[in-house]
Every structure is written in structure tokens, then in C-alpha cells.
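Trainee: I would like to go through the labels used for this model. Can we set each one against its cut-offs?

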Amino acid sequence: MHWTRFLLAVVISGLATTFTDWLFMGVLFHKKYLATPEIWRVKAGQSDTRSIVLSSLLGVSSCAAFLYLCIWAGTPVVYHATPHIALLVWVAAAVPIIFSNIVWIKMDPLLGVSHSLGWLARFVITGIIGNLLLR
């Protein structure tokens, strides 16, 4: 494995998925966050920069983990396999966790839908970038 290409793929996918996170987890259904302000750590008027940075770092690490999983499974060179891996990881990990949160936390179900779609977008975009850079 070319570690420089791997790191480049992680950085590019991390940057690209920052925008999908912003769309799916920040903009889409934004008013639903305001309906339950008591469940969010940041209070009105406080800076959420620290939370955004930590969340972005977690996102980049998930891109790295997904790319490594694809390499381990041998899928970066097979275009039709990576979307299947993305869907399986999404269904096995992101969807159950997010919808468990919807069941147990006072959180609008539309936020769960948007968050889970954001994770699917993250895995698909990371897979596409991995296919392009890790062949």
C-alpha cells in the first residue's frame, strides 16, 4: 500500500465530507435543533468551534478507517464493490446508533434521518476518492 496516497485520500475525503456534514448535520432541518435546545451541549450564544473541530477530527478518522477497511477487503480497485461496503458499514454501524439515539434521546426523527444520510454520504464519497487514488 502506498501510505502517501492513503494519507492523501484520507485528507481529501475528510475535507470533502466536511461539506456533506455541514449540509446533512447542520443545514438540513436546522430548526429541529432549536426545538430541543436542552439536549445540545452548546448553549445559545456560546461558541461551538471546539465541538466542530472535534467532530471533524472524528469524521476524518472514520474516513481513514473506512479506507483501510476497503483496502483490507480488497475493494478500492473494484468500483462496484465499494458502494456495497459503504452501504453495509452504514447499515451495520451508523444507522443503528443514530436511531437508538432517536429512541432514547429527545431528538426529532428528521435529525436522525439527516444524520444517517450524512454518514452514508461520508462513506460513499470516501469510497469514490479511495477508488480514484488507491488503484
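Mentor: Start with the cavity lining. By class it has 1 nonpolar, 5 polar and 2 charged residues. This is a predicted model, where local features need pLDDT of at least 70, side-chain atom pairs count only at pLDDT 80 or more, and totals for chains, interfaces and linings use all residues. Residues are numbered from 1 along each chain as its sequence is written, and side-chain values use heavy atoms, without hydrogens and water.

Trainee: What makes a lining residue polar or charged?

Mentor: Asp, Glu, Lys and Arg count as charged; Ala, Val, Leu, Ile, Met, Phe, Trp, Tyr, Cys and Pro as nonpolar; the others, Gly among them, as polar. The lining is G14, T17, T18, D21, S56, G59, V60 and R122. So D21 and R122 are charged, and V60 is nonpolar.

Trainee: Which helix gives the most to that lining?

Mentor: Helix 1, with 4 residues.

Trainee: Why is F29 called partly exposed?

Mentor: F29 has 32% relative accessibility. Buried means under 20% relative accessible area, exposed over 50%, partly exposed in between (1.4 Å probe, protein chains only). F29 therefore counts as partly exposed. It is found in the loop between helix 1 and helix 2.

Trainee: Which residues form the nonpolar patch with F29?

Mentor: F99, L110, V113 and L117 join F29 there, with about 350 Å² of accessible area together. Patch residues need over 30% relative accessible area and no salt bridge (Lys or Arg side-chain nitrogen within 4 Å of an Asp or Glu carboxyl oxygen). Nonpolar side chains are joined within 5 Å, like charges within 9 Å. Helix 5 gives the most to the patch, with 3 residues.

Notes. Areas by Shrake-Rupley, 256 points an atom, 1.4 Å probe, with all protein chains shown as cover. Helix = DSSP H or I, 4+ residues; strand = E, 2+ residues; numbered from the N terminus. 1 Å grid on protein atoms, 1.4 Å probe; cavity = no way out; pocket = protein on both sides within 12 Å on 5 of 7 lines; lining within 4 Å.
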